[in-house]
Amino acid sequence: RFSSAAIIEVIAIILSSAFLRTLDLSGSTLNREVIAVIAKTLVSNTHLHCLTLCRNDLSSEDIEPMLELLLSNRSLHLIDLEHNKIGDSSLSFVHK
């Protein structure tokens with residue numbers, strides 16, 4: 001099992017790739033800190049189209065940085081958040 005710091009370093013390197021179109025981080029024991037780094041990195045990323053974050057026990061609060069990302073990143077077409085602990089209020093924001 002990797003520490004949050006190690007996961008953050010790896011994700012930052014991966015997301016800087018101009019060739020990466022899809023990233024599946026399902027079941028990666030992500031937390032709010034890691035999600036915030038992913039969101040910050042993806043603000044200027046124009047290559048990634050699909051991000052899968054299933055089965056990470058993420059809460060509505062954990063994914064708040066991702067909701068902000070949706071307002072600025074137009075190349076990301078799908079963020080899959082299935083099988084997490086996300087409330088209806090977060091999902092309604094995504095649908096707006």
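**Exercise 1.** Read this predicted model along its sequence and find which pattern of helices and strands it follows.

*Solution.* Start by counting elements: the protein has four helices and three strands. Next, put them in order from start to end, and you get α-β-α-β-α-β-α.

**Exercise 2.** Find the salt bridge in the structure and say which parts of the chain it links.

*Solution.* Step one: there is one salt bridge to look for. Step two: Glu64 pairs with Arg32, and their closest N and O atoms are 3.4 Å apart. That fits the cut-off, which asks for a distance within 4 Å. Step three: place the partners. Glu64 belongs to helix α3 (residues 64–72) and Arg32 to helix α2 (residues 32–42), so the pair, 32 residues apart, links distant parts of the chain.

**Exercise 3.** Are Glu64 and Arg32 buried or exposed, or something in between?

*Solution.* Take the relative accessible areas: 39% for Glu64 and 37% for Arg32. Buried means under 20% and exposed means over 50%. Both residues are therefore partly exposed.

**Exercise 4.** Now turn to helix α2: which of its residues are buried, and what do they pack against?

*Solution.* First, list the buried residues: Val34, Ile35, Ile38, Ala39 and Leu42. They lie on the same side of α2, because they cover an arc of only 135° around the axis. A helix rule helps here: with 3.6 residues a turn, residues three or four places apart point the same way. Finally, look at the neighbours: these buried residues pack against α1 (4–15), β2 (50–52) and α3.

Key. Residues numbered from 1 in each chain as written. Predicted model: local features only at pLDDT ≥ 70, side-chain atom pairs only at ≥ 80, totals over all residues. Heavy atoms only, no water. Salt bridge = Lys/Arg side-chain N within 4 Å of Asp/Glu carboxyl O. Helix = DSSP H or I, 4+ residues; strand = E, 2+ residues; numbered from the N terminus. Buried < 20%, exposed > 50% of the residue type's maximum accessible area, 1.4 Å probe, protein only. Arc of directions from axis to C-beta. Contact = heavy atoms within 4.5 Å.
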